[in-house]
Amino acid sequence: MVLHTSDFDFDLPSKLIASRPLVRRDASRMLVVQPNNISDKYILDFLDYLHPGDVVVFNNSRVIPARFMASGFEITLHTSGENDKIWWGLCKKFNKIPVGSELVLDDGTTVTVLAHDDDSGLKLQFNCDNVFDVLNRVGKMPLPPYMKRDEEFSDRERYQTVYSDPLGSMAAPTAGLHFTPELMTEIEKRGAKIVKVTLHVGAGTWMPVKTENLSEHKMHSEWCCITPQQADIINNAKRVIAVGTTSMRTLESAAKLAVDKNRVAPICANTDIFITPGYQFRAVDMLLTNFHLPKSTLFMLVSAFAGIDEMKLAYKHAIDNEYRFFSYGDCCLLFKKD
């Protein structure tokens with residue numbers, strides 16, 4: 001089956017794009033998509049879909065204030081390099097910056113341009129003791145461009161999950177933004193276990209697909225980790241519920257390494273997994289995720305999981321009922337299509 005980017009297009013009224021979060025994290029709506037059934041719920045109803053023995057998997061990566069100005073150029077870091085002082089960053093006019101240049105940040109810190117890449121932008125070396133300290137001084141939270149606004153003070157806390165740690169993402173694992181400490185506690189009271197894996201969200205999550213033939217699209221790699229102890233818990237689960245597409249990609253990347261009847265193997269490595277319809281899921285039974293952009297790799301992933309026709313119908317329902325879309329928007333709970 002040849003898949004085309006245009007197969008995953010849909011019309012979305014701009015008024016449904018959430019530019020700011022709800023005051024309460026746990027006030028979001030949740031569209032439940034099961035085989036032959038769609039129902040309107042709220043995130044607090046997530047608890048009613050849990051069974052004893054389930055494992056709920058969260059991505060605990062914390063967003064860094066990755067966007068900053070350097071000698072008049074706006075740069076957004078997206079992927080760490082071979083050590084903690086080397087990063088790749090996107091910049092609109094990066095080809096105008098010669099390799100070897102030193103750029104100056106607002107606090108006087110300099111970065112050296114080590115290389116160019118048409119997909120990844122600039123390879124930068126920070127000339128400082130601690131990159132994260134510098135970014136805390138001069139950086140802004142990398143809000144997605146569709147919000148059409150600058151960072152506000154509240155975004156420093158609100159664009160993070162309540163369980164986020166360690167640092168490393170250039171975008172939030174947004175399905176987790178709906179959860180409060182109280183809701184996390186209730187999950188365990190229902191007899192489910194919580195596992196917090198790590199995937200540092202990079203450009204691969206939201207970069208547009210530039211090819212019409214999906215087989216020609218190249219995903220950026222992102223670093224992910226599941227420890228041996230976590231893998232053991234996941235492999236003994238009654239069902240596995242992934243919170244977010246980043247958790248999904250981590251789990252399915254680990255599934256590629258698994259042997260025998262295990263769902264996953266331990267993994268601490270880069271992954272460039274690209275999940276499209278036809279993919280055979282091994283690790284995940286249910287997925288909680290936000291509503292994604294047209295023609296995005298994330299809408300392709302959810303279509304692979306729950307069905308293309310089913311997701312188009314679900315998104316039409318969400319649009320007709322004015323669900324809030326994208327990072328600060330509402331969510332949907334998807335059941336795997338057999």
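These are my notes on what I looked up in this predicted model.

**Ground rules**

I number residues from 1 along each chain as its sequence is written. In this predicted model, local features need pLDDT of at least 70 and side-chain atom pairs count only at pLDDT 80 or more, while totals for chains, interfaces and linings use all residues; side-chain values use heavy atoms, with hydrogens and water left out.

**Entry 1: the whole chain**

I began with the protein chain and found 7 helices and 17 strands. Helices (H or I, at least four residues) and strands (E, at least two) are DSSP runs, numbered from the N terminus. The radius of gyration is 20 Å, close to the 20 Å that the globule rule gives for 338 residues, so the chain is as compact as a globular protein of that length. I noted that this radius is taken over C-alpha atoms, and that the globule rule is 2.2 Å times the number of residues to the power 0.38. Along the principal axes, the C-alpha atoms fill a box of roughly 55 × 45 × 45 Å.

Next I looked up burial: 56% of the 338 residues count as buried. Buried means under 20% relative accessible area, exposed over 50%, and partly exposed in between (1.4 Å probe, protein chains only).

I then turned to contacts, where contact means heavy atoms within 4.5 Å. Among contacts between residues at least 6 apart in sequence, 71% join residues at least 24 apart.

**Entry 2: strand β3**

Strand β3 covers residues 55-59, and 5 of its 5 residues are buried. In a regular strand the side chains alternate between the two faces of the sheet. I therefore listed the faces of β3 separately: Val 55, Val 57 and Asn 59 are on one side, Val 56 and Phe 58 are on the other, and all are buried.

Which strands pair with β3? Two strands pair if DSSP finds at least two bridges between them. β3 pairs with β12 (residues 193-199) in the parallel sense over 5 bridges. It also pairs with β14 (residues 240-243) in the parallel sense, over 3 bridges. Val 55 takes part in both pairings: its bridge partner in β12 is Lys 193, and in β14 Val 55 stands opposite Val 240.

**Entry 3: strand β16**

From β14 I went on to β16 (residues 286-290). β14 and β16 pair in the parallel sense over 3 bridges, and the bridge partner of Val 243 in β16 is Leu 288. Leu 288 shares a face of β16 with Met 286 and Asn 290, Leu 287 and Thr 289 are on the other, and all five are buried.

β16 also pairs with β17 (residues 331-335), in the antiparallel sense over 5 bridges. There, Asn 290 stands opposite Cys 331.

**Entry 4: Ala 254 in helix α5**

Is Ala 254 buried or exposed? It is buried, with a relative accessible area of 0%. Ala 254 lies in helix α5 (residues 245-255). In α5, 11 of the 11 residues are buried, so the helix is largely enclosed by the rest of the structure. The buried residues include Arg 249 and Glu 252.

Leaving aside its neighbours within four places in sequence, Ala 254 is in contact with Ile 226, Val 264, Ala 265 and Ile 267. I also looked up Arg 282, which is 28 residues from Ala 254 in sequence and 9.6 Å away in space, C-alpha to C-alpha.
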